[in-house]
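Colleague: I would like to learn how to read a structural model feature by feature. Could you take me through one?

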Amino acid sequence: MSKVVEVNHPLVLHKLAFIRNKETGSKEFRDLVSEVSTLLAYEVTRNLSMEEVEIETPICKTKCKMLEGKKLAIVPILRAGLGMVDGMLKLVPAAKVGHIGLYRDETTLKPVEYFCKLPEDIAEREIIVVDPMLATGGSAIDALTMLKKRGAKNLRLACLIGAPEGIEAIQKAHPDVDIYIASIDEKLNENGYIVPGLGDAGDRLFGTK
């Protein structure tokens, strides 16, 4: 079973309170999502493999730890996932970025694929799939399935908030994918929205309705 890491750092929770606030405008919302994504990336990348190298300081030679060189990819689920990319790239600027386009059918609540563009060597990369909200889990499940069909093996999912129902669905469908999340909220309502949630992340990021 995959692990669930709730990144409830004081700075994350503080910024998340502003993100949830309905009075927060699009620019501030975008900035805050990016900032929290950087903080999430710190935890998501905690277990990256390291290697020992020898360097020379101004004083003497010494051995240090550096990343082993495994390639990273950040894959946002369009469109709201785009809001998390820049924040993560601040920590791992060499990562490649892929894109997966899915939208939720408002009647069936099922995800529909409309776009997929990934780095050619996606199968060789450690992949962080990002989406601000994990509601029913349908979009994330489909995105992870799409990546696995293209050879991806090392996958992690990073979200700002999620409902227990969505987390359970991911763990059932993809027990090998660890989930990193800033807050596990109370539940889904009858319309499939997270409670207390933060509204529609895509609309709030891009100023649409």
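Modeller: Gladly; we will go from strands to a helix, some loops, the annotated sites and the salt bridges.

Modeller: This is a predicted model, so local features need pLDDT of at least 70 and side-chain atom pairs count only at pLDDT 80 or more, while totals for chains, interfaces and linings use all residues. Residues are numbered from 1 along each chain as its sequence is written, and side-chain values use heavy atoms, with hydrogens and water left out.

Colleague: Let us start with strand β8. Are its residues buried or exposed?

Modeller: First the terms: buried means under 20% relative accessible area, exposed over 50%, and partly exposed in between (1.4 Å probe, protein chains only). Strands (E, at least two residues) and helices (H or I, at least four) are DSSP runs, numbered from the N terminus. In β8, residues 126-130, 5 of the 5 residues are buried. Glu 126, Ile 128 and Val 130 are on one side, with Ile 127 and Val 129 on the other, and both faces are covered.

Colleague: Which strands are joined to β8 by bridges?

Modeller: Two strands pair if DSSP finds at least two bridges between them. Strand β4 (residues 72-78) runs parallel to β8, with 5 bridges joining them; Leu 72 has Glu 126 as its bridge partner. Strand β10 (residues 154-162) is also parallel to β8 and joined by 5 bridges, and there Ile 128 is partnered by Arg 156.

Colleague: How do I read a helix in the same way? What covers the buried residues of α3?

Modeller: List the buried residues, then look for what touches them, where contact means heavy atoms within 4.5 Å. In α3 (residues 82-89), the buried residues are Gly 83, Met 84, Val 85, Gly 87 and Met 88. Their cover includes α2 (26-44), β4, β5 (96-97), β8, β10 and α6.

Colleague: And loops? Where is Gly 98, and is this residue buried or exposed?

Modeller: Gly 98 sits in the loop between β5 and β6, and counts as buried because its relative accessibility is 0%. Beyond residues up to four places away in sequence, Gly 98 touches Ile 74, Val 75, Pro 76, Lys 117, Leu 118 and Pro 119. His 174 is another loop residue, between α5 (164-173) and β11 (178-184). His 174 is buried, with a relative accessible area of 4%.

Colleague: Which peptide bonds should I look at for cis geometry?

Modeller: Check omega. The bond joining Leu 78 and Arg 79 is cis, with omega about 0°, and Arg 79 lies in the loop between β4 and α3. The bond from Val 195 to Pro 196 is also cis, with omega near 0°; Pro 196 is in the loop between β13 and α6.

Colleague: What does the UniProt record say about Ile 194?

Modeller: An unreviewed UniProt entry places a "binding site" feature at Ile 194, Gly 199, Asp 200 and Ala 201. Such positions are given in the numbering used here, feature names are shortened, and annotations may be inferred rather than shown by experiment. Ile 194, in strand β13 (residues 194-195), is buried because its relative accessible area is 7%. Gly 199 counts as partly exposed at 41% relative accessibility. The record's "binding site" annotation also covers a set of residues including Arg 79, Arg 104 and Met 133. Met 133 is in strand β9 (residues 133-134), and its contacts include Ile 161, Ile 194 and Gly 199.

Colleague: Finally, how many salt bridges are there?

Modeller: Side chains of opposite charge can pair when their charged atoms come close. A salt bridge here is a side-chain nitrogen of Lys or Arg within 4 Å of a carboxyl oxygen of Asp or Glu. The whole structure has 11 salt bridges. One of them joins Lys 27 and Asp 31 at 2.9 Å, N to O; both residues lie in helix α2, 4 residues apart, about one turn of the helix.

Colleague: Which salt bridge links distant parts of the chain?

Modeller: Look at Lys 71 and Asp 121, whose side chains meet at 3.3 Å, N to O. Lys 71 is in the loop between β3 (61-67) and β4, and Asp 121 in the loop between β7 (111-117) and β8, 50 residues apart. Lys 71 is partly exposed at 39% relative accessibility, whereas Asp 121 counts as buried at 16%. Together with Glu 124 and Arg 125, Lys 71 and Asp 121 are linked in a network of salt bridges.
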